[in-house]
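Here's a quick tour of a model you may want to have open while reading. Grab a coffee and scroll along.

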Amino acid sequence: MASSGNGNVANGNGTARNGLPAIHTHKKHVNGICHDDSGPTVKAKTIDELHSLQKKKSAPTTPVTGSQTPFATLSEQERQKQQLQSISASLASLTRETGPKVVKGDPAKKSESQVHHDHHHHHHHHVATPTIAVSDSALKFTHVLYNLSPAELYEQAIKYEKGSFITSTGALATLSGAKTGRSPRDKRIVKDDVTENELWWGKGSPNIEMDEHTFMVNRERAVDYLNSLDKVFVNDQFLNWDPENKIKVRIVSARAYHSLFMHNILVYNLDNWVGDRCIRPTPEELENFGTPDFTIYNAGQFPCNRYTHYMTSSTSIDLNLARREMVILGTQYAGEMKKGLFSVMHYLMPKRQILSLHSGCNMGRDGDVALFFGLSGTGKTTLSTDHNRFLIGDDEHCWSDKGVSNIEGGCYAKCIDLCQEKEPDIWNAIRFGTVLENVVFDEHSREVDYSDKSVTENTRASYPIEYIPNAKLPCVGPHPKNVILLACDAFGVLPPVSKLNLAQTMYHFISGYTALVAGTEDGIKEPTATFSACFGAAFIMLHPTKYAAMLAEKMEKHGATGWLVNTGWSGGRYGYGSRIKLPYTRKIIDAIHSGSLLNAEYKKTEIFGFEIPTEVEGVPSEILDPINTWSDKKAYNETLLKLAGLFKKNFETFTNHKIGKDNKLTEEILAAGPVF
Ligand SMILES: Nc1ncnc2c1ncn2[C@@H]1O[C@H](COP(=O)(O)OP(=O)(O)O)[C@@H](O)[C@H]1O
Ligand SMILES: C=C(OP(=O)(O)O)C(=O)O
Ligand SMILES: [Ca+2]
Ligand SMILES: [Mn+2]
């Protein structure tokens with residue numbers, strides 16, 4: 001018994017069972033006990049002690065300022081207490097007096113912390129509690145997992161969230177549940193005395209009203225749900241890389257998946273840079289975090305109550321600008337949080353004369369910045385991620401007097417049919433730390449099949465921007481030189497590239513055209529035109545002409561050129577022609593960046609009056625005028641007229657709005673549409 005205890009598998013004959021020579025250990029006898037260990041021993045007496053040696057204490061996620069005074073520990077405790085008080089206040093029910101008792105750390109790790117500390121209540125920082133418990137949730141503790149690291153969030157997800165797996169490249173595969181895309185029709189905005197006058201309401205507007213009381217009902221529902229859980233995740237982060245215009249946000253959520261998504265998507269740090277490496281998080285910034293400017297309550301697993309006024313489904317995404325709060329019920333799609341905050345920026349930034357943009361953004365070696373506007377799936381992420389240029393951001397930006405800044409700290413790429421050769425940077429960004437939503441993978445090798453649409457076509461990857469090798473850190477840049485409007489035209493009649501004058505740029509910016517291809521199940525054969533003002537009507541808060549006026553003013557002031565790029569069909573509409581090849585679109589974009597396209601030879605198209613180049617390096621010239629690619633010229637002309645009609649009809653809503661200070665620009669914009 002004693003001799004086999006160390007795992008040596010020698011048999012009685014001195015030969016190992018597998019035929020290899022037996023291993024002879026030099027046995028020492030101490031106190032008559034046979035002892036096998038000759039090497040150095042571990043400095044632990046129990047298995048618990050051994051485990052406690054494995055982890056050393058890291059700097060707190062909300063660290064104290066550098067000084068190492070004897071009072072550092074004291075103030076650290078005080079600071080921790082304040083932070084927990086602030087979180088408890090966030091989670092407070094508004095019908096009861098105080099917030100829940102909150103404690104930091106994983107509820108599953110109670111025994112472990114007792115090993116570390118003789119008086120383990122030092123480890124758990126309790127917050128002042130109500131003397132009379134008025135509800136069951138006030139009797140229990142809510143554990144707070146605060147600003148966890150990606151590794152910790154992986155462990156949480158894999159242990160507790162069904163559908164969480166590590167893929168062969170180290171990404172975290174997750175499922176977002178029943179909702180795999182945004183639910184714009186379930187978005188509600190509180191209409192009060194202020195927002196009634198400030199916001200865009202009515203036809204075409206994304207803002208569907210709800211009253212303050214109903215918001216409180218849903219807020220209470222979310223808060224009660226979150227408090228009923230053993231633990232919640234809290235992320236304290238920032239929006240916007242412009243230090244003067246950053247917004248502090250707190251996200252309270254129930255899933256590690258949501259916490260990791262926001263960790264990737266938002267900004268942790270703005271100031272603390274060594275070269276182009278960021279030390280995150282900045283102690284000062286997080287120490288001074290205090291109360292957030294904006295809070296999201298994500299109770300996505302829990303539905304809203306359809307008996308509640310204004311509710312038309314089990315999903316509700318509610319924004320209250322006065323309270324600076326957002327409540328999410330009945331959807332776990334993570335994009336809802338990111339785009340919800342984008343709406344908030346679309347309200348807050350214009351008040352500071354800063355234009356918020358639904359666009360990607362990158363910069364060349366000479367500091368030439370390009371914006372890529374476009375609706376979902378038109379190519380913002382794909383085309384702004386360019387190996388020859390610095391990525392400033394893929395989706396949400398601000399344009400201030402100083403230049404551009406990314407609102408976010410990460411990217412959110414579509415991954416359907418992702419291909420390593422065509423999109424190497426995105427491909428390589430899908431590794432440890434990246435959240436991969438709703439993808440399908442081999443159950444054994446864990447290799448992802450990006451062509452598989454079994455869960456959804458809207459498969460996504462969210463990764464920190466620094467996973468892109470040529471990310472521009474910090475994510476800010478000078479004033480844009482080129483403003484590229486992307487349209488995925490499924491009618492196949494828009495030219496691959498058109499140069500626009502300012503009025504045309506405004507006309508197309510306000511129109512915000514792209515086309516959706518009908519899903520096969522719908523039985524619809526026709527591509528459907530979508531007009532989404534400012535290429536992001538779902539997120540804008542003010543009337544589109546407000547943003548358009550700001551864009552016109554900035555483009556004029558900084559001499560930016562507008563372009564319309566069709567990333568959609570050519571040679572016939574969807575079902576007949578084919579999608580313009582990504583390498584051709586990239587060549588077109590290259591020519592815009594280099595400036596060569598600005599000075600190319602142009603001809604004017606009929607109906608839309610686009611200036612189209614006769615030649616672009618690396619692109620077959622015949623495809624530059626779409627009529628050449630259609631074998632049926634009559635069908636081309638009919639389709640072109642049909643699309644022009646849709647543009648005209650859509651623009652009717654805007655004809656009686658003034659854009660900018662005088663009527664001159666307004667008239668020019670109205671005249672910049674299709675003529676037929
Ligand atoms: N010519 C093209 N230009 C841009 N994208 C294309 C083109 N052809 C196919 N695609 C695909 O279209 C999708 C564009 O999505 P994405 O860049 O994520 O859009 P957005 O960021 O605007 O939502 C990607 O999957 C990309 O591979
Ligand atoms: C996340 C989204 O953005 P995009 O498709 O524009 O990248 C979305 O629209 O839900
Ligand atoms: Ca986007
Ligand atoms: Mn995108």
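What follows covers the ligand shells, the nonpolar core, one helix and the sheets.

First, the housekeeping. This is a predicted model, in which local features need pLDDT of at least 70 and side-chain atom pairs count only at pLDDT 80 or more, while totals for chains, interfaces and linings use all residues. Residues are numbered from 1 along each chain as its sequence is written, and chains are lettered from A and ligands numbered from 1 in the order in which they are written.

**The ligands**

Let's start with ligand 1. It has 17 residues around it, and the closest are G379, K380, T381, T382 and T567; a residue makes the list if its C-beta atom, placed from the backbone, lies within 6 Å of the molecule. Three elements each give at least two residues to this shell: α11 (380-384), β22 (410-414) and α15 (582-594). Of these, α11 supplies the largest share, 4 residues. (Helices are DSSP runs of H or I with at least four residues, strands are runs of E with at least two, and both are numbered from the N terminus.)

Around ligand 2 you'll find R182, G335, K339, S376, G377, T381, D395 and Y412. T381 is also listed among the closest residues to ligand 1.

Here is how the two shells break down by class. Ala, Val, Leu, Ile, Met, Phe, Trp, Tyr, Cys and Pro count as nonpolar, Asp, Glu, Lys and Arg as charged, and the others, Gly among them, as polar.

| Shell | Nonpolar | Polar | Charged |
|---|---|---|---|
| Ligand 1 | 5 residues | 9 residues | 3 residues |
| Ligand 2 | 1 residue | 4 residues | 3 residues |

**The core**

Now for the inside. The largest nonpolar core has 163 residues, and I484, L485 and A548 have the most contacts within it. Such a core is a set of buried Ala, Val, Leu, Ile, Met, Phe, Trp, Tyr and Cys residues joined through C-beta atoms within 7 Å. Helix α14 (residues 544-558) gives the most to this core, with 7 residues. Both domain 2 (43-143) and domain 3 (359-394 + 479-671) contribute residues, so the core lies between them; those bounds come from an automatic or database domain assignment.

Take A548: leaving out residues up to four places away in sequence, A548 touches M506, F509, I510, C534 and I659. Contact here means C-beta atoms, placed from the backbone, within 7 Å.

Helix α13 (residues 502-511) has 9 of its 10 residues buried, so the rest of the structure largely encloses it. "Buried" means 20 or more other C-beta atoms within 10 Å of a residue's own, "exposed" means 12 or fewer, and "partly exposed" is in between, with C-beta atoms placed from the backbone. Among the buried residues of α13 are M506, F509 and I510. After α13 comes G512, with a positive phi near 60 degrees.

**The sheets**

One open sheet has 5 strands in the order β5-β6-β23-β26-β22, with mixed pairing. Strands count as paired if DSSP finds at least two bridges between them. β5 (165-166) and β22 sit at the edges with a single partner strand each, so one side of each has no neighbour in the sheet. Inside this sheet, β6 (residues 172-174) and β23 (residues 435-437) pair in parallel over 3 bridges, with A173 bridging to L436.

Another open sheet has 9 strands, ordered β3-β4-β9-β10-β13-β15-β14-β7-β8, again with mixed pairing. Its edge strands are β3 (101-104) and β8 (209-210).

Technical notes. Contact = placed C-beta atoms within 7 Å.
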